[in-house]
Amino acid sequence: MLAEKKIVEILRKAKLLEKCNLIKIRRTANGMTNENFICTLSNGNNFVIRLPGRGTDTMISRRDEYKNHDLISELELNTEILFFDAGTGTKITRYINNTFLQNQSLSSRIPYACLALKKLHNSGIHFDNKFDFFNKIELYETISKNLCIFLCDDYKEMKNRMLKNQEFLYWKTDWKPCHNDPVMENFLMDGDLRIYLIDWEYSGMNNPLWDIASFALENNLNKEEEVYLWNCYWEGNFPTQTILEKLELFKICQDLLWYVWAKIKESQGEDLFDYAEMRLKRAMQSFALYSAVESPEEFIKHLKIQNTEKMFIDRVGFIKR
């Protein structure tokens, strides 16, 4: 097996096979960016090896990832890195037995996820790189052009609509360290109830509302779960209308960004056609539902705030009981 040979070479390079042998390799339920393997050694240690996916070298700065991972180590949010090749993105981390996988409901995990995100956002740490939609989408479009990837007119129209909101989304932004890919699979909890946030390859300074919008979107939260997310993150304070507007716009931006990302990965042989189409279609539907008017001040009216606020108050009462 090609992967097994590569894993043995990496373990030797990391000097983890000097006094033991590799006895088992188990491929995990991988994310869409990389391949991950759990390796068991004869001395009883377990490690996770990440092999970067195809096409990631042009879209991800592994040097930024490594620097950011090192910076947040003081927060004790990340897993211990035992080996990192900043040239290739190959990484070895210590394995965490994730108790989040033991039948907890999504809602029960939201408070812990909020604790991790708030710890990061309020840490005062400064990453050297920025991750904002408008710069990233230009980078991904440049990569697409170099690879002769066709981006449809619907995408171009939606991107131009989002460009009109650039100042609204990022003007006077209080840039914070952000994870930028907070799917639930990137939150782990060990047996001592310590929370880990893993996979920092998209990390960078951003508007922290990106992480909140992304958590809701990528984890398919329903409206009640999203309101619970707001409740936990803002500790019982209901978000302002401006914040809610930005959350909805950031979701549209995310669907557009990951649409282009998927088209790039598709050109490298990944089967992501349906995924890309889903993201673009959802961006168009979301814009039609929530942005029927041009004025940002009118945007909030499409959220039916009265019902949402009642749900929020009910949830707060439930938590306090």
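**A hairpin and two nonpolar cores**

In this predicted model, G44 takes a positive phi near 95° in the hairpin formed by strand 2 and strand 3, where 4 residues lie between the strands. Strand 3 covers residues 46–52, and its pairing with strand 2 is antiparallel and runs over 7 bridges; within this pairing, E35 stands opposite L51 of strand 3.

Strand 2, which spans residues 34–41, also pairs with strand 1. Strand 1 comprises residues 22–27, and the two strands are again joined in the antiparallel sense, here over 5 bridges, with K24 placed opposite T40 of strand 2. Strand 2 thus has antiparallel pairings with strand 1 and with strand 3. How many of the residues of strand 2 are buried? The strand is mostly covered, with 7 of its 8 residues counted as buried. In a regular strand, side chains point alternately to the two faces of the sheet.

Turning to the packing of nonpolar side chains, the largest nonpolar core of the model contains 70 residues, and those with the most contacts inside this core are F133, Y140, Y155, F187 and L256. The element that gives the most to this core is helix 10, residues 241–267, which supplies 14 residues. For Y155, once neighbours within four places in sequence are left aside, the contacts are with I137, E141, L256, Y259, V260 and L280. Apart from the largest core lies another core, made up of 17 residues, including V8, A14, L17 and L41.

Definitions and conventions:
Residues are numbered from 1 along each chain as its sequence is written. This is a predicted model: local features need pLDDT of at least 70, side-chain atom pairs count only at pLDDT 80 or more; totals for chains, interfaces and linings use all residues. Side-chain values use heavy atoms; hydrogens and water are left out. A nonpolar core is a set of buried Ala, Val, Leu, Ile, Met, Phe, Trp, Tyr and Cys residues joined through side-chain atoms within 4.5 Å. Buried means under 20% relative accessible area, exposed over 50%, partly exposed in between (1.4 Å probe, protein chains only). Contact means heavy atoms within 4.5 Å. Two strands pair if DSSP finds at least two bridges between them.
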